[in-house]
Amino acid sequence: MPWPFTRKSEAALATQTEETSTSARARFSFKLFRELTADSGSPNVLLSPSSVMLCAALVRELSSGETRQGMSAVLEIAGRDASKVETEIAALKSALRQRADAEVSFANALWLSKHAHIAPELAARLRVLYESELASVDFGHPDAASRINAWVDTKTKGKIARIVNKLSPLAALVAVNAVYFKGLWIEPFHKEFTLDAPFTTATGQTKQFPMMLQSGRYRYYEDESVQLAALPYKGGVSMHVVLPAVGSNLRQFQQSLTAGRWESWGANLRREKGTIRLPRFKVDFEAQLNNALTTLGMERAFDPDRAEFGQIQTDVPPVWIDQVSHRAVAEVNEAGTEAAAVTAFTHMRGSPMNRKPERSFQMVVNRPFFLAICDDKTNTILFMGWIGDPQ
């Protein structure tokens, strides 16, 4: 029987707002996603909220005063004591650990100018809590950017070769986080069933794309406005594919995605028999996060006149965040998914149930959709994105 089988009404789900979620990671993930989709002119958006959160949390350790308060609020950890913040960081790291049958990893690095210094106690905390590498670099040297990019290339296994371009000699530090994931489907799509089929893009164009086909039993939810299916990888990770109904206002749908709504869908997933058609695609998305993070409440950290990074001592103060760069790539095919993301914060200095009869659903992903790659144990979102024009 084809979709939709009407379950809970969308009106009921609409009451599930951000405030219903107790997860700082989920709240941060979705509010950043909404800002990026509102601000991006690209049909495709991909990010690793885990990468951004880890890198921003590391940089927060260097801040003080109202700047620290603003960063804490954006990261959804304001008002929490140090032990609870450390628990949140530990949960993020746990979701990004290598596990049997899947490659999942993260790496942090803090590249400090020879003109910038942090206290030994803080350096030790960053090494232990964030497992961060600390290195001294001359940002005035022409090889400084290539040194950081080589680290990124290694940590993402060649998926991302560049995150910074030319660096200013006035840079005080660059904080970098890299996340890598490679997983095989528990039940792979068979290539012989992949056929070109129409996909209506975000601009209304109809294009032919390779559409993969699979039937089985999936964790599944739907109502009159959405379908959601979770496709499991080996190793305890799943891709959640969320397909808005035909005729949906896609911009409104993007902006309606909240942590509370997401968790409500997850709580209502049930194993059901069905058939899924999903495009094979690659996506490479790069964005500056300054505007998004400023809008969310970190404006003080970007202001040379007001930023407070009292944990960094330089010969030419002040210190502020000049750039936040993020790049994420993913390839989804019949065998599985490979994805990587990098976030870089550049700081400048000194210049400005009852059982029912079994039924079968059909989910044909032939129009723009949302996806999230999640750790099944912690529900941490490793990657999330909006695919409006598969490549």
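Lys93 is buried in this predicted model, with a relative accessible area of 9%. Its side chain still finds a partner of opposite charge: Lys93 and Glu131 meet in a salt bridge, 3.4 Å from N to O. Lys93 sits in helix α5 and Glu131 in the loop between α6 (120-129) and β4 (132-137), so the pair ties together parts that are 38 residues apart in sequence. Unlike Lys93, which is buried, Glu131 counts as partly exposed, at 34% relative accessibility.

Glu131 is worth a second look for its backbone. Its phi is near 50°, a positive value in a residue other than glycine. Asp101 does something similar: its phi is positive too, about 75°, although Asp101 is not a glycine. You'll find Asp101 in the loop between α5 and β2 (102-113). Asp101 is exposed, with a relative accessible area of 59%. Most residues other than glycine have a negative phi, and most peptide bonds are trans. On the peptide-bond side, the one from Pro317 to Pro318 is cis, with omega near 5°. Pro318 belongs to the loop between β12 (313-314) and β13 (319-332).

**Salt bridges**

Back to the charged pairs. How many salt bridges does a search of the whole structure find? The count comes to 22. Here are some of them, with their N to O distances.

| Pair | Distance (N to O) |
|---|---|
| Lys31 and Glu76 | 2.8 Å |
| Glu131 and Lys93 | 3.4 Å |
| Asp376 and Arg219 | 3.8 Å |

Take the Lys31 and Glu76 salt bridge, at 2.8 Å. This pair links distant parts of the chain, with Lys31 in helix α2 (residues 24-39) and Glu76 in the loop between α4 (65-74) and α5 (82-95), 45 residues apart. Is Lys31 buried or exposed? With a relative accessible area of 11%, Lys31 is buried, because the cut-off for that label is under 20%.

The Asp376 and Arg219 pair, at 3.8 Å, has another setting. Asp376 counts as partly exposed at 34% relative accessibility, and Arg219 is partly exposed as well, with a relative accessible area of 28%.

Salt bridges can also join up into a network, and Arg25, Arg80 and Glu88 are linked in that way.

**How the helices pack**

Arg25 leads on to the next topic, as it is one of the α2 residues that meet α3. Helix α2 and helix α3 (residues 49-60) pack at an angle of about 110°, with their axes 10 Å apart. That makes α2 roughly perpendicular to α3. From α2 come Ala24, Arg25, Phe28, Ser29 and Leu32, and on the α3 side they meet Pro49, Val52 and Met53. Sorted by class, the residues in this contact of α2 with α3 are 6 nonpolar, 1 polar and 1 charged.

A second helix pair is α4 with α10 (residues 290-298), whose axes come within 9 Å and cross at roughly 105°. These helices, α4 and α10, are therefore roughly perpendicular to each other. Which residues make the contact between α4 and α10? Helix α4 brings Gly70, Met71 and Val74, while α10 brings Leu293, Leu296, Gly297 and Met298. The contact of α4 with α10 has 5 nonpolar and 2 polar residues, and no charged ones.

**A buried threonine in a strand**

Over in the strands, Thr346 lies in β14 (residues 336-349). Thr346 is buried, with a relative accessible area of 8%. What is Thr346 in contact with, leaving aside its neighbours within four places in sequence? Its partners are Leu173 and Val174, plus the run of Trp320, Ile321, Asp322 and Gln323.

**How far to trust it**

Now for confidence. The chain averages a pLDDT of 91, and 93% of the residues score at least 70. Residues 1-18 are another matter: the pLDDT there is below 50, and the stretch has 60 contacts in the model beyond near neighbours in sequence. Where pLDDT is low, the predicted coordinates should not be read in detail.

How values were computed. Residues numbered from 1 in each chain as written. Predicted model: local features only at pLDDT ≥ 70, side-chain atom pairs only at ≥ 80, totals over all residues. Heavy atoms only, no water. Helix = DSSP H or I, 4+ residues; strand = E, 2+ residues; numbered from the N terminus. Buried < 20%, exposed > 50% of the residue type's maximum accessible area, 1.4 Å probe, protein only. Contact = heavy atoms within 4.5 Å. Salt bridge = Lys/Arg side-chain N within 4 Å of Asp/Glu carboxyl O. Axes fitted to C-alpha atoms, helices over the stretch in contact; angles between N-to-C directions. Parallel < 35°, antiparallel > 145°, perpendicular 65-115°, else oblique. Nonpolar A, V, L, I, M, F, W, Y, C, P; charged D, E, K, R; others polar. pLDDT = per-residue confidence, 0-100.
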